[in-house]
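Me: Please take a close look at one part of this model, the largest pocket, and describe what lines it. Then go on to whatever else can be said about the parts around it and elsewhere in the chain.

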Amino acid sequence: MKKKFLATLLSTIMAASLLTGCGGASGSSGSSDSASSGGDGVQEITWMFWDDLDATQDLISLGYKDTIERFNKDYEGKYHVTPITTNLEEYYDKLNALVAAGETPDVFIVSPGPQLTDYVSPGIAAPLDDYLAQDGWKDTFTSDAVFTQQTYDGKIYAVPLNTAAACCFYNTEMFEDAGVEVPTNWDEMLTACDKLQKAGYTPITISAGTAWCLSMVAGYLCEEEGVDLAKLADGSASWEDGKLESAANKLLELSKYFQPTAAGDTNDVATANFYNEEAAILIQGSWAIGQINGENPDFESKCGVFQFPGCERLIAKSDSLCMSSSTKSPEACAAFMKYFTDDTAQKYTAEVGGKIPVTKVEYDASKAPAQLAYVMDIFENAKGTFGFYNESMPTTETGSHFDDTMVSVFLGDMTPAEAATDMEEFYNANCR
C-alpha cells in the first residue's frame, strides 16, 4: 500500500523536530517558531501566499497586498507581517517543506478539503473558534454555512476569504462573428466549438501543464455522468462502472478544440491566451476575473460567462486562512486574519476582484466587474454546488492521482478504460 501524504508529512515533521532537539537543524527568521518581538517590542509574524505580490497584476492578489499594507500601518509599533510568496504550482511543496523544517508560517492560505485536512489532522493548524467569538467577528459572515468545509469535530480551523465558481468565460465578439449561441448542453458545446474552429478561432484555451485545470473539466464531465465520490470512497461503487470511462471519452472529444500547446501551457499562459483574444472560451474559476481584468481591463466589456453545459450543479470553493498552532503571536495572527474579512477587504473582493464576499458587507454592484453579475446569476440558477474533484477525494495524494490520470488520458498515454481501472486499483490500495 502506498503511503498517504499525511503520514509522510507527519513523520517528516517528527524527524525534523528530533533533529532540532539534537541541534542538527536550525530555523530561519520569519518562521512561526522564530516569530518574535522585533525592535521596540513589535511582534513579527509571517503570511504565506501563492502569488508574487510585487510582480502580479491579479486584482485579488493586489487586494491582499493592500490588506497587508493597511494592517502594518494600523498596527505600526505593535504588530508587523512579512509575506512569504511563491507561485501556485509550487505552493504546497514549499509550505510543506517549511512545516517539516519547523518553520511553519504564522498564517498561511489553503484550499478546503483534503489539503486543509493535511494541516488539521497533525495539529499544524490551530482551532479558531475563540478568536471568531471575540468582538462578534463570526457574526459578520453571511452564515455558519460558509465554515462547513473548514470545520472538524465541531471546531473551525480556517477562515474563508471569498467564494468562487468554475465557469466558462467566452469572447462575445468571437461568438457573434462565428454565429454561435451560448451552449446549454453537451451537444451544443461541441457544435459551438466546431463553428468557432471553422470561423478561424481557437475554441478553447486550457492548461494541461497545470493538471488541476484539466481535471476541473473532467470533474464536470464526471458529474454529468453521475459519478458518486462518496460511494467510490466506501467501496459501494466502482470506478469501472463505465461512468469515468464515458467522462474521459467526452474529455478527449472536447480536447480536439483545445489550443495546440495545451499539454505544456500553465494556468497563467492558458488564461493569458483568453484575455489576449487568442481563444474564444476559457474554462476556469471565477477567481480568474481578477487576473483577466487586471491584465487587460479593456477586455471586460466583451467577456461573457456561462455555466458548464449540461451540469445542474457548480464547482465552487473558497480560499481560506489558517493560523499555525506553533505561532508565538496568536493575537497578532488573529488581528491580521480579521483584516481579510473586514468591510474594506470584502468590498474590494466584490467591487474590484469580482469574487463573492463571505461577509454581510454591502457593496456597490455597479462598481463590480461585469463578470461578477454573470457569476451571481449562475449561482442563483444552479441546483447546488460540489467541490473540485482533486479536493473532494479522501486524500491529497488521491486527488493528485486523479489529476495525473486525466492528463495521461489527454496525452494518449492511457485509454479511458485503463484510466477507470487505474483509479479503481488506486482506491482499493489507498482509500478503502
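Reply: What follows deals with the largest pocket, then with two helix residues, the second largest pocket, one strand and two loop residues.

The model is predicted. Its largest pocket holds about 1300 Å³ of space. The lining is made up of 47 residues, and those closest to the centre of the pocket are Trp 50, Leu 88, Glu 89, Tyr 92 and Trp 212. Sorted by class, this lining has 16 nonpolar, 17 polar and 14 charged residues.

Several helices contribute to the lining. At least two residues each come from α2 (59-74), α3 (91-100), α4 (114-120), α8 (211-225), α11 (267-275), α12 (288-295) and α16 (396-411). Helix α16 gives the largest share, with six residues.

Two of these helices can be followed through single residues. Asn 267 belongs to helix α11. With a relative accessible area of 8%, Asn 267 falls under the 20% limit and is therefore buried. The side chain of Asn 267 makes a polar contact of 2.7 Å with the side chain of Gln 284. Apart from neighbours within four places in sequence, the residues in contact with Asn 267 are Glu 89, Ser 207, Thr 210, Trp 212, Cys 213 and Gln 284. Glu 89 and Trp 212 are also among the residues closest to the centre of the largest pocket.

Gly 294 lies in helix α12. Its relative accessible area is 15%, so Gly 294 is buried as well, the limit being under 20%. Gly 294 is in contact with Gln 57 and Leu 59, once neighbours within four places in sequence are set aside. The C-alpha atom of Gly 294 is 9.3 Å from that of Leu 62, although 232 residues separate the two along the chain.

The second largest pocket has a volume of about 390 Å³. It is lined by 18 residues, of which Ala 145, Gln 149, Thr 163, Ala 316 and Thr 385 are closest to the centre. Strands β11 (313-317) and β13 (384-386) each provide at least two residues of this lining. By class, nine of the lining residues are nonpolar, eight are polar and one is charged.

Strand β12 (residues 320-323) has Ser 320 and Cys 322 pointing one way and Leu 321 and Met 323 the other, and all of them are buried. Strand β12 has antiparallel partners. Four bridges join β12 to strand β3 (residues 107-110) in an antiparallel arrangement, and here Val 107 is opposite Met 323. With strand β6 (residues 159-160), β12 pairs over two bridges, also antiparallel. In this second pairing, Pro 160 is opposite Ser 320.

Two loop residues remain, picked out by their backbone angles. Most residues other than glycine have a negative phi. Asp 135 is not a glycine, yet has a positive phi of about 55°. Asp 135 sits in the loop between α5 (129-133) and β4 (151-152). Its relative accessible area of 77% is over 50%, so Asp 135 is exposed. Asp 153 likewise has a positive phi, of about 50°, without being a glycine. The loop that holds Asp 153 runs between β4 and β5 (155-156). Asp 153 has a relative accessibility of 83% and therefore counts as exposed.

How values were computed:
Residues numbered from 1 in each chain as written. Predicted model: local features only at pLDDT ≥ 70, side-chain atom pairs only at ≥ 80, totals over all residues. Heavy atoms only, no water. Buried < 20%, exposed > 50% of the residue type's maximum accessible area, 1.4 Å probe, protein only. Pairing = 2+ DSSP bridges. 1 Å grid on protein atoms, 1.4 Å probe; cavity = no way out; pocket = protein on both sides within 12 Å on 5 of 7 lines; lining within 4 Å. Points joined across faces, edges and corners; volume = space filled by probe spheres on them. Nonpolar A, V, L, I, M, F, W, Y, C, P; charged D, E, K, R; others polar. Polar contact = N/O pair within 3.5 Å; in protein donor to acceptor, adjacent residues only side chain to side chain. Contact = heavy atoms within 4.5 Å.
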